[in-house]
Amino acid sequence: MEIHPLTGSLGAEVIGADIKDPKQFDEIKRAFAQYSVITLRGQNITPEEHLAFARRWGDINVNRFFKALDGHPEVAVVLKEADQTGAIGEVWHTDHAYDQVPALGSILHAIETPAYGGDTVFCGMSAAYDALSDRFKQLLNGLIAWHSSRHVFGATQSKSDASQTGRVGNADIATQDALHPVVIKHPLSGRLGLFVNPQFTTRIDGLSPEESDAILNMLYVHCQKPEFQCRVNWQAGDVTMWDNRATWHKAINDYHGHRRYMHRVTVEGVPLTAA
Ligand code: SIN
C-alpha cells in the first residue's frame, strides 16, 4: 500500500489497501497512529465488512442519536438528501466527547457522494497544542472541562432539519455529561493535545463563565488555523477513519440539491489521561 501525507499536521491518503485483509491491519494501524486521519481509497465494502474492520480496533460504540441502518443497529447513517438543507456534523466537533470514555475513532464509508463538495475537514489537536506558548500550556495543563450531549441532541434541538427529517432522534436520552482533561496524553502516540471542542464542550470546571468562555473561545480560534487542518474530498467507496482523541472534524454543507450518503461505525476508546 502507498501512504501519502495530506499536510504537515495530520491526514494521509492510503492507496492500494484492502481493509478486509487482516494481514494489512498492522500497517494501517501504524498509519493511523502517525497521521490521525487516514483515507483508504476504493474499499467498496458491505456493512458486515465495515463492522469486521471496526472490530479489529475494539468494541463498537453504538451512537444513540443517529438513525441506524436497517438490520444493522451498530451502523449509523450519515445522510443528506437532495431536498434537505442541514447536514449532520456541520459544527466543529469530536464524536462522543460527551461519553465518560470518549470513542477511539470513527470509520466513515462513502456510499454516494455529491457531484461536487461534501468534503470533511479535520483539525489536529496536537499540532494546535504544540503551537501554544509554554506559559499558556502551563495554564491549561491540569484544567478539566465539561462535555455534554444535552444542548446538541436534546429537546431544544428537535427543530433542526436533521431531527425533523428523522436523521437524528432520541432527544429524551441526551443526558450525558462528562469531565475530561483539557490537555490529554494521547493513548496511542503519547503526544500531548487539546481535548475541548466547539460543539460538545460546555465549560471549564472551576472557572467563572466569563473566564471559561474567554479561554475556550481563544482556543477555538487558534485551533481553526489552516496550518493545523487537512481536508478529505470523497469518492464513493472511500473509507476515512479519524482519531477522536486527536482531531476535530466538520462536514462541509456546500452541495445543496445533491445526495450524500455515508455509513459510520464508531469504536470504543479508553479513559483519557491528563498531560
Ligand atoms: C460526522 O460528523 O461524523 C460526519 C462527518 C461527515 O459527514 O463528513
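How far does a polar side-chain atom of H93 lie from an oxygen atom of the ligand? Select H93 and the ligand together: the separation is 3.0 Å. Please keep in mind throughout this tour that the model is predicted.

**First stop: the ligand and its contacts**

Keep the ligand displayed and add H249. An N or O atom in the side chain of H249 is 3.0 Å from a ligand oxygen atom. Next, add R260, whose side chain places an N or O atom 2.8 Å from an oxygen atom of the ligand. Now show the surface of the protein. Of the 260 Å² of accessible area that the ligand has on its own, the protein covers 100%. The ligand sits in the largest pocket.

**Second stop: the shell**

Two elements each give two or more residues to the shell around the ligand: β15 (247–251) and β16 (260–267). Colour these two strands before continuing. Then select the full set of surrounding residues, namely V78, G89, H93, D95, L108, T120, W242, H249, A251, R260 and R264. When they are coloured by character, this shell divides into 4 nonpolar, 4 polar and 3 charged residues.

**Third stop: the open sheet**

Change to a cartoon view and select the 8 strands that form an open sheet. Followed across, their order is β1-β2-β3-β14-β6-β16-β5-β4, and the pairing is mixed. Which strands stand at the edges? They are β1 (2–5) and β4 (68–69); each has a single partner strand, so one side of each is left without a neighbour in the sheet.

**Fourth stop: the edge at β4**

Select β4 together with β5 (residues 72–80). These strands run antiparallel and are joined by 2 bridges. To locate one pairing, select L69, whose bridge partner in β5 is H72.

**Fifth stop: the edge at β1**

Move to β1 and add β2 (residues 12–15). Here 4 bridges join the two strands, which run antiparallel. Select H4 and then E13 in β2, its bridge partner. Finally, examine the hairpin of β1 and β2, which has 6 residues between the strands. Within this hairpin, select G11, which takes a positive phi near 95 degrees.

Technical notes
Residues numbered from 1 in each chain as written. Predicted model: local features only at pLDDT ≥ 70, side-chain atom pairs only at ≥ 80, totals over all residues. Heavy atoms only, no water. Near = heavy atom within 4 Å. Polar contact = N/O pair within 3.5 Å; in protein donor to acceptor, adjacent residues only side chain to side chain. Areas by Shrake-Rupley, 256 points an atom, 1.4 Å probe, with all protein chains shown as cover. 1 Å grid on protein atoms, 1.4 Å probe; cavity = no way out; pocket = protein on both sides within 12 Å on 5 of 7 lines; lining within 4 Å. Sits in = over half its atoms within 2 Å of the grid points. Nonpolar A, V, L, I, M, F, W, Y, C, P; charged D, E, K, R; others polar. Pairing = 2+ DSSP bridges.
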